[in-house]
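Hi,

Here is the structure I promised to pass along. Please have a look at it first, and then read my notes underneath.

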Amino acid sequence: MRIIIIQIFGKKNCSESKKAERFFKERKIKYQFVNILEKGLSKRELETICKVYDLENLLDKEGKEYKKRNLQYIVYDIEELLLGNPILFKTPIVRGSKTIALGNVTNLWKKISEEENK
């Protein structure tokens, strides 16, 4: 029997993260929810995600925290900023063994669930 490894990196109060959880729950697919605000992402996890998405895309520029910090007017190192302030990640980040999805993209969530159930 194959162990299903789907991780949802999200925020507990994020509606998009809740949608990802609901997607997998409704299909009775096991997943691990990682509260990015409590655990954050390791540098290695971030590097894995950056094989698919640019760092720039991981930064939630529409979020309250980005605006509150006036980051649109500041020069910063995106990797350092994200690793030190996980609240600035765009979520959810859904990771399967072969596919990574950023945001509410049910077509990629479906692909991840199909890959993990083979």
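What follows is a short tour of the charged side chains.

Before the details, a word on the ground rules: this is a predicted model, so local features need pLDDT of at least 70 and side-chain atom pairs count only at pLDDT 80 or more, while totals for chains, interfaces and linings use all residues. Residues are numbered from 1 along each chain as its sequence is written, and side-chain values use heavy atoms, with hydrogens and water left out.

I began with salt bridges, taken as a side-chain nitrogen of Lys or Arg within 4 Å of a carboxyl oxygen of Asp or Glu. With that rule, the model has seven salt bridges. As general background, side chains of opposite charge can pair when their charged atoms come close.

One of them joins E26 to R27, with 3.8 Å between the closest N and O atoms. For accessibility I call a residue buried under 20% relative accessible area, exposed over 50%, and partly exposed in between (1.4 Å probe, protein chains only). E26 is exposed at 56%, and R27 is partly exposed at 43%.

Another salt bridge links K61 with E56, at 2.1 Å from N to O; you may want to look at that pair yourself. Both partners fall in the partly exposed class: K61 has a relative accessibility of 32%, and E56 has 37%.

Then there is E65, whose salt bridge to K68 has its closest N and O atoms 3.9 Å apart. Why can these two be described as about one helical turn apart? Because they sit three residues apart in helix α4, which covers residues 64-68. Helices here are DSSP runs (H or I, at least four residues), numbered from the N terminus. The two ends of this bridge contrast in accessibility: E65 is buried at 16%, whereas K68 is exposed at 63%. R69 also belongs here, as E65, K68 and R69 form a network of salt bridges.

Finally, a look at E115, found in helix α6 (residues 106-116). Is this residue buried or exposed? E115 is buried, with 13% relative accessible area. Its side chain makes a polar contact of 2.8 Å with that of T99, where a polar contact is a pair of N or O atoms within 3.5 Å; within protein, one must be able to donate a hydrogen and the other to accept it, and residues adjacent in sequence count only if both atoms are side-chain atoms. As for K98, its C-alpha lies 7.5 Å from that of E115, with their positions 17 residues apart in sequence.

Best wishes
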